[in-house]
Amino acid sequence: MERILKLVLFLGVLFSGTVLGQDGANAITPLKFETVAQQERYRHFSKVLRCPLCQNQNLNGSNSGVAGDLRRELHRLISENKTDDEVIEFMRSRYGDFILYDPPLNASTSALWFGPLVFLLIGLLTIVFMVRRQRTAAAVAILSEADKSSLQSELSLQKVDGKE
Amino acid sequence: MSRLKLFAPLLVFALLAGLLYSSLGNDPEFLPSQLVGKPLPKFSLPTLEQPDRLIGPSALIGAPALLNVWASWCYTCRIEHPFLTRLSAEGVPLYGLNYKNDAAEARDWLQEFGNPYRFSVQDLDGRLGIDLGVAGAPETFVVNSEGTIIHRHIGIVNEKVWSETLRPLMLGSAEAGGN
């Protein structure tokens, strides 16, 4: 019952959008889906797919012509119940990895994926190296402290010897 | 040794500066085409010249040719137009892809500036543009004599682009096709 109510509300919102949208010159035609699941998939993909023309906008946020066309294609693919892989493949075969906000791991993106790890390793090694050096330095200091006193006692003994 | 270590920050700075400087020249809008090496996508669309007849990719196949994506709303296409007219006059096979453009406005545009295209495929809804991986206009594809896309150029075609990139590719593909 609650689900049906939600669906009715959802459709109501959609259709109110149509009525409101008709007034504007840049009317946004709402896309209709048969199921809420399709709507969710559309929302997901329009967020993770990048507009090929704009530098940092997803399909959802871009006002460019090509983004509008790609939203239309995305709507078609989802209405045809294409799998996630099929949707991604459709986009990638035309626009390449550029269209994915989450870049796949391959030779050209390996620096992107492993670069931070390399820097982290360099940082860790530097810390390890520095800590070790400080410890040895401290150990040397302690030793020389002991040496000093032994030396001093040694010397004072010698002085006493010399005086006598 | 410890003296040399003092220069480490300078070295890091120099490396970073070098990296950033070399990246300055990178074109962030460069989008490698996925279609290079692939045949022209299938389509069945009218042309501006013959709106009643549908044509397919075979109409463009035969000799190495240029397929130029244009529209009357595209200001840079206007800047590119005189050079395309020159190429066309020199006999370079040039086809148009009228991208997301009202047919009447497109015809008016050709009327006003002249028509360098053998014909312009009408892609009103941008569907063929998507199959070609087009992001906007102008873009130009080099198609070889078998109808395979061998290059995609984003932006204006000018003397430099033509003589350094497009022309050698077209000549190369013509020789390969002739052998």
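The following exchange asks how terms are applied to the interface and a pocket of this structure.

User: What kind of model is this, and how are residues named?

Analyst: This is a predicted model, in which local features need pLDDT of at least 70 and side-chain atom pairs count only at pLDDT 80 or more, while totals for chains, interfaces and linings use all residues. Residues are numbered from 1 along each chain as its sequence is written, chains are lettered from A in the order in which they are written, and side-chain values use heavy atoms, with hydrogens and water left out.

User: What makes A:E73 and B:R127 a salt bridge?

Analyst: A salt bridge is a side-chain nitrogen of Lys or Arg within 4 Å of a carboxyl oxygen of Asp or Glu. The closest N and O atoms of A:E73 and B:R127 are 3.1 Å apart, so the pair meets the rule. Across the interface of chain B and chain A the rule finds 3 salt bridges.

User: How do you know how many residues of chain B are in contact with chain A?

Analyst: Counting contact as heavy atoms within 4.5 Å, 19 residues of chain B are in contact with 18 residues of chain A.

User: Which residues line the second largest pocket, and what is its make-up by class?

Analyst: The lining consists of A:F119, A:T126, B:A8, B:V12, B:L16 and B:L19. With Ala, Val, Leu, Ile, Met, Phe, Trp, Tyr, Cys and Pro counted as nonpolar, Asp, Glu, Lys and Arg as charged, and the others, Gly among them, as polar, the lining divides into 5 nonpolar, 1 polar and no charged residues.

Conventions: On a 1 Å grid over the protein atoms alone, a cavity is a set of points where a 1.4 Å probe fits but cannot get out, and a pocket is an open set with protein on both sides within 12 Å along at least five of seven lines; lining residues have an atom within 4 Å of a point.
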